[in-house]
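Here is a friendly walk through the overall build of one protein chain. Have a look at the fold first, and then read on.

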Amino acid sequence: MILSIESSCDDSSIAITEIETKKLIYHKKISQDKEHSKYGGVVPELAARLHTKALPKILEECKAYFNSIKAVAVTNEPGLSVTLIEGVTMAKALSIALDIPLIAVNHLKGHIASLFIEQEAIFPMITLLVSGGHTMVLRVDDFFHYEVLATTLDDSFGESFDKVAKMLGLGYPGGPKVEEYAKNGDSNRFDFTIPLYNSNRLAFSYSGLKNQVRVTIKSLGELSKKDKEDICASFEKVAIKHLLHKIKNILKKLPQDIKIFSIVGGASANMSLRESIMALSKEYNLELRVAELKYCSDNAAMIGRYAIEAYRYKYFCDIKDLQINPKIISKS
Ligand code: KG4
Ligand code: ZN
């Protein structure tokens, strides 16, 4: 079995996965949504402090499996430096105490592996990764080979939902709140412009759309619930249209060997996005793969799924060499 740890942002999670069968033996996650909600985004130092409490508490429940653990895997990039270090420190301690190898896992690769938890993987595929820190379209050939086809120039898809929710005082995380408000709203009331619509650039941009929302909120003065619902519906529609417009440009030139389209990441839980992508996949004759809703947002089960592949190839990391690599991640 492999014990995997995830602490790249505001979820403390540990999983135990059986190497041969891919079976998830144990999985627990303690989220910090409530604690960060009043700040309208993740406060890194608070997140780190909560991980120091939550991770040992979860690990305590895994003790019974310690004799069967053959490796420990941990997210070491990208993420918030002060929270990544919590998981990495625990992984190093376990590696020494149990005398087992360490596997470093890139969080984004973990999200892609979330499609195949307790399942065989199928490749190649085109994957849309939409999370709080990233918006990317990738060609994925296997667990270790990826090509980025498009990425965001500024904010990510999920982050733009978080920021709109913050402007409207809806709390954190913004994605589910904006989606909920959008359901009752009139998506035609505000005519937001689709970003980069007349540009050939295969890229995403959400900062301009966020600003359009900001200006609209300012112009309305005091907002009624109906105003908020209409803003959410109009924003969500355009945010999704922007994704679809650029993805279509990619699909038009799709290599013959690609038969699968997939969506992963926390924001892939958005139902309107799922429905739009489902229609698009049909149009291009692609099979759509989505992660189970419970595995869309950050979790250690996806880190474990990637790690069992890395274990097969002995992609181990020396304890002295395992560093955290925060890179960019949003804090909303
Ligand atoms: O993958 P994830 O859990 O964490 C990162 O790796 O960033 O994604 C979290 C992001 C947040 O920005 C959250 O607002 C967004 O996913 N999200 C959504 C929805 N549920 C979560 N965005 C839009 N609609 C949703 N239903
Ligand atoms: Zn994530």
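The protein chain in this predicted model contains 10 helices and 11 strands.

What about its overall dimensions? Taken along the principal axes, the box filled by the C-alpha atoms of the protein chain is roughly 60 × 50 × 30 Å. The radius of gyration of the protein chain is 20 Å, and this agrees with a compact globule, because a globule of 332 residues would have a value near 20 Å.

Turning to the inside of the fold, 55% of the 332 residues in the protein chain are buried. Among contacts with a separation of 6 or more, 74% are between residues 24 or more positions apart.

At the surface, the protein chain exposes about 14,600 Å², and 51% of this area comes from carbon and sulfur atoms. As for charge, the protein chain carries 43 positive and 40 negative charges, and the mean positions of the two sets are 2 Å apart.

The protein chain is also divided into two domains, and domain 1 is written as two segments. The table gives their bounds and how many residues of each touch the other.

| Domain | Residues | Residues in contact with the other domain |
|---|---|---|
| domain 1 | 2-117 + 295-312 | 23 residues |
| domain 2 | 125-290 | 24 residues |

How far apart do the C-alpha centres of domain 1 and domain 2 lie? The distance between these centres is 27 Å. The two domains also meet directly, with 23 residues of domain 1 in contact with 24 residues of domain 2.

Conventions:
Residues numbered from 1 in each chain as written. Chains lettered and ligands numbered in written order. Predicted model: local features only at pLDDT ≥ 70, side-chain atom pairs only at ≥ 80, totals over all residues. Heavy atoms only, no water. Helix = DSSP H or I, 4+ residues; strand = E, 2+ residues; numbered from the N terminus. Rg over C-alpha atoms; globule rule 2.2 N^0.38 Å. Buried < 20%, exposed > 50% of the residue type's maximum accessible area, 1.4 Å probe, protein only. Contact = heavy atoms within 4.5 Å. Areas by Shrake-Rupley, 256 points an atom, 1.4 Å probe, with all protein chains shown as cover. Lys, Arg positive; Asp, Glu negative; His and termini not counted. Charge placed at Lys NZ, Arg CZ, Asp CG, Glu CD. Domains from an automatic or database assignment.
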